[in-house]
Amino acid sequence: MSLRTPLGRAAGLGSAGHGSGHWWAQRVSAVALIPLAPWFMLRLATLPTLHYEDLLRCFQGLGDATLLAAFVLALLYHSELGVRVVLEDYLGGALRVAGLIASKLAHIALGLLGLLAIARIVTSA
């Protein structure tokens with residue numbers, strides 16, 4: 001007994017085969033953010049001020065810089081997955097393709113800029 005519709009069987013249509021992978025990737029990135037987000041908030045909350053010099057000193061250590069890089073990358077990956085779902089669900093045609101490309105490029109650019117900023121913080125010691 002098949003759960004596919006007669007039209008689906010006739011046209012060969014069905015699952016694209018990547019929905020469950022996307023779902024798992026979003027859950028894994030969310031789980032990665034569970035310890036990283038509170039760590040980041042706690043680090044900021046324990047600073048005397050949020051001035052540039054204090055932030056620079058806070059994240060200059062290799063351990064903190066590594067955790068910050070993991071936080072930035074997990075956050076951007078999770079964001080890209082979520083934005084992709086919204087664009088796929090609510091846009092159509094050429095606008096969908098343009099939106100998906102723009103979103104991917106924006107998230108990649110933000111990731112590179114974030115990693116570059118963290119590298120500059122580490123090397124400024």
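Read along the sequence, the predicted model follows the pattern α-α-α-α-α. The protein has five helices and zero strands. Of its 125 residues, 26% are buried.

The largest pocket has a volume of about 160 Å³. Two elements each give two or more residues to its lining, namely helix 4 (62-90) and helix 5 (93-123). Helix 5 supplies the largest share, with six residues. The lining consists of Leu73, Leu76, Tyr77, Glu80, Lys104, His107, Ile108, Gly111, Leu112 and Leu115. Sorted by class, six of these lining residues are nonpolar, two are polar and two are charged. Glu80 and Lys104 are the charged members of the lining, while His107 and Gly111 count as polar. The nonpolar class is represented by Leu73, Leu76, Tyr77, Ile108, Leu112 and Leu115.

A nonpolar patch is found on the surface, formed by Trp23, Trp24 and Val28. Together, these three residues have about 360 Å² of accessible area. Val28 lies in helix 2, which covers residues 19-45. The relative accessible area of Val28 is 53%, and Val28 is therefore classed as exposed, the cut-off for that class being over 50%. Val28 also satisfies the accessibility condition for membership of a patch, because 53% is over the required 30% relative accessible area.

Notes
Residues numbered from 1 in each chain as written. Predicted model: local features only at pLDDT ≥ 70, side-chain atom pairs only at ≥ 80, totals over all residues. Heavy atoms only, no water. Patch = residues over 30% accessible without salt bridge, like charges linked within 9 Å, V, L, I, M, F, W, Y side chains within 5 Å. Areas by Shrake-Rupley, 256 points an atom, 1.4 Å probe, with all protein chains shown as cover. Salt bridge = Lys/Arg side-chain N within 4 Å of Asp/Glu carboxyl O. Helix = DSSP H or I, 4+ residues; strand = E, 2+ residues; numbered from the N terminus. Buried < 20%, exposed > 50% of the residue type's maximum accessible area, 1.4 Å probe, protein only. 1 Å grid on protein atoms, 1.4 Å probe; cavity = no way out; pocket = protein on both sides within 12 Å on 5 of 7 lines; lining within 4 Å. Points joined across faces, edges and corners; volume = space filled by probe spheres on them.
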